[in-house]
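Me: I've got a model open and want to talk through a few of its residues with you. Can we go one question at a time?

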Amino acid sequence: MVTDLTEARAWSAAASVLDPEVPALTVAELGILRSVSVEGDTATARLTPTYSGCPAVLAIELAVEAALREAGFDARIERVLSPAWTTDWITEDGREKLRAYGIAPPVKASGKAALFSEPTVACPRCGSSATTRVSEFGATACQAQYRCTACAEPFDYFKCL
Amino acid sequence: MATPLFTALLRLADDHLILGHRLSEWCGHAPMLEEDLALPNIALDLIGQARALYTYAGEVEGAGRDEDALAYGRHERGYVNALICETENGDFARTMYRQCVFAVFMGRFWEAAVTSSDPTLAAIAAKARKETAYHIRHSAEWVIRMGDGTDESTRRMRDAATYLAPYIGELFEADTVTDALSADGIWPDPPALQSGWIADMTPILDQALLPMPDLGFAHTGGRQGVHTEGMGYLLAELHYMQRAYPGLTW
Ligand SMILES: [Zn+2]
């Protein structure tokens, strides 16, 4: 019999997996773990990729599978494409953890990436809005490089998608 | 006999794989560190989009070919990308102009494909269009910066525009494959995307002090597997690992 408790246990096992590229965040806080359901002994986790070309997709899927097995389930992973992931799905906790990690969280309301419009990005270290974009693309596809003109520190910004 | 949907998916997947591979050639060679990060990141986006398209093409075909079999298991005549995607990188100006032309085209294509009657294509489009918005912004900024820049950057950007102009029209080609699919609301009709492309390119080219290219004459043949000389060299590198170690997995 599948109880809510079993499903909650499967969820928390899957949800504890960290994103390998931004290890400050779990897959749940990142918003890519869409659901976990249990049928018999099998737990099915539904994950959605952040970016089409995200090289971490497979690593994340394998890590979630391993976490479910460790919790005693037969694990199944489903890759869900629709609806497409958006940075708006990063949880409030996740945004706070990103900031503490030194990455400016995405400015809300994705999809308004109008040509040449610049979001106001606050420095994760000093909070100043006096920041300039150095490059649209950073260490990973999901980050851009910024510099704070108040405290002079460079930092990464988690882009809106 | 390949179905129109399989052929159309293969064409679009090949566009993304081949252009993604071209961009990856800049890794370690870009004119500045920021671009050395940007170009491989954009290449990753394109190759990621190609993966989704190849996987779906393999399902549609139903012959057991997966993304790797389709990406690496064909001869030159089997690739059906538009020729602009395989053009050699040239200098940074030419790479950026090509990127801008293609990204603006894809912006319009994905926007139309979001409402496709094919749910898988619509899902791929919904994801890709958001990524493409960044590619447009990145390449358009460079086209403007170089087009309205120093004497040398202006000369290079003008040369790039002249060189690439005859490769643009092929993107808007229709044939029996696209006609069959667009009649059913599955695939955007390529000629119908041209006015949107011109509308999006106009403010970019105006700021870059560049003329709107003449789309009247177009090199063609890519969709039938007839390629430029550079394609063989590209595939020799792209195929190397699978030829040396067939069936290799990581
Ligand atoms: Zn600061």
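Me: Does Asp175(B) count as buried, exposed or partly exposed?
Reply: Keep in mind that this is a predicted model. Buried would need under 20% relative accessible area, and exposed over 50%. Asp175(B) comes out at 22%, so the label is partly exposed.

Me: Which side chain does Asp175(B) meet in a salt bridge?
Reply: Asp175(B) sits in the loop between helix H7 (151-168) and helix H8 (176-183) of chain B, and its partner lies in helix H1 (residues 4-24), so the pair ties together parts that are 164 residues apart in sequence. The N to O distance is 2.7 Å. The partner is buried, with a relative accessible area of 8%. That residue is Arg11(B).

Me: And in chain A, which residue forms a salt bridge with Glu29(A)?
Reply: Glu29(A) is in helix H2 (residues 27-30) and the partner in helix H4 (residues 92-101), so parts 68 residues apart in sequence are tied together. Glu29(A) counts as buried at 12% relative accessibility, while the partner is partly exposed at 36%. The closest N and O atoms are 2.6 Å apart, and the partner is Lys97(A).

Me: How many residues apart are Asp159(B) and Arg155(B), which both lie in helix H7?
Reply: These two form a salt bridge, with the closest N and O atoms 3.7 Å apart. They also belong to a network of salt bridges that includes Asp91(B), Glu152(B) and Arg156(B). Their spacing is about one turn of the helix, which here is 4 residues.

Me: Which helix gives the largest share of the largest nonpolar core?
Reply: That core has 126 residues, and Leu68(A), Tyr97(B) and Trp110(B) touch the most other members. The top contribution is 14 residues, and it comes from helix H5 (residues 92-113) of chain B.

Me: Where does this core lie relative to the two domains of chain A?
Reply: Look at who supplies residues: domain 1 (4-79) and domain 2 (103-158) of chain A both do. So the core's place is between them.

Me: Is Gln49(B) buried or exposed?
Reply: Gln49(B) is found in helix H2 (residues 33-61) of chain B. Its contacts include Ser52(A), His16(B) and Trp110(B). With a relative accessible area of 1%, Gln49(B) is buried.

Me: What about Tyr240(B), buried or exposed?
Reply: Tyr240(B) lies in helix H11 (residues 240-244) of chain B. Together with Met241(B), Tyr245(B) and Trp250(B), Tyr240(B) makes a nonpolar surface patch of about 610 Å². At 52% relative accessibility, Tyr240(B) counts as exposed.

Technical notes:
Residues numbered from 1 in each chain as written. Chains lettered and ligands numbered in written order. Predicted model: local features only at pLDDT ≥ 70, side-chain atom pairs only at ≥ 80, totals over all residues. Heavy atoms only, no water. Patch = residues over 30% accessible without salt bridge, like charges linked within 9 Å, V, L, I, M, F, W, Y side chains within 5 Å. Areas by Shrake-Rupley, 256 points an atom, 1.4 Å probe, with all protein chains shown as cover. Salt bridge = Lys/Arg side-chain N within 4 Å of Asp/Glu carboxyl O. Helix = DSSP H or I, 4+ residues; strand = E, 2+ residues; numbered from the N terminus. Buried < 20%, exposed > 50% of the residue type's maximum accessible area, 1.4 Å probe, protein only. Core = buried A, V, L, I, M, F, W, Y, C linked by side-chain atoms within 4.5 Å. Domains from an automatic or database assignment. Contact = heavy atoms within 4.5 Å. Lists of a residue's contacts leave out its neighbours within four places in sequence.
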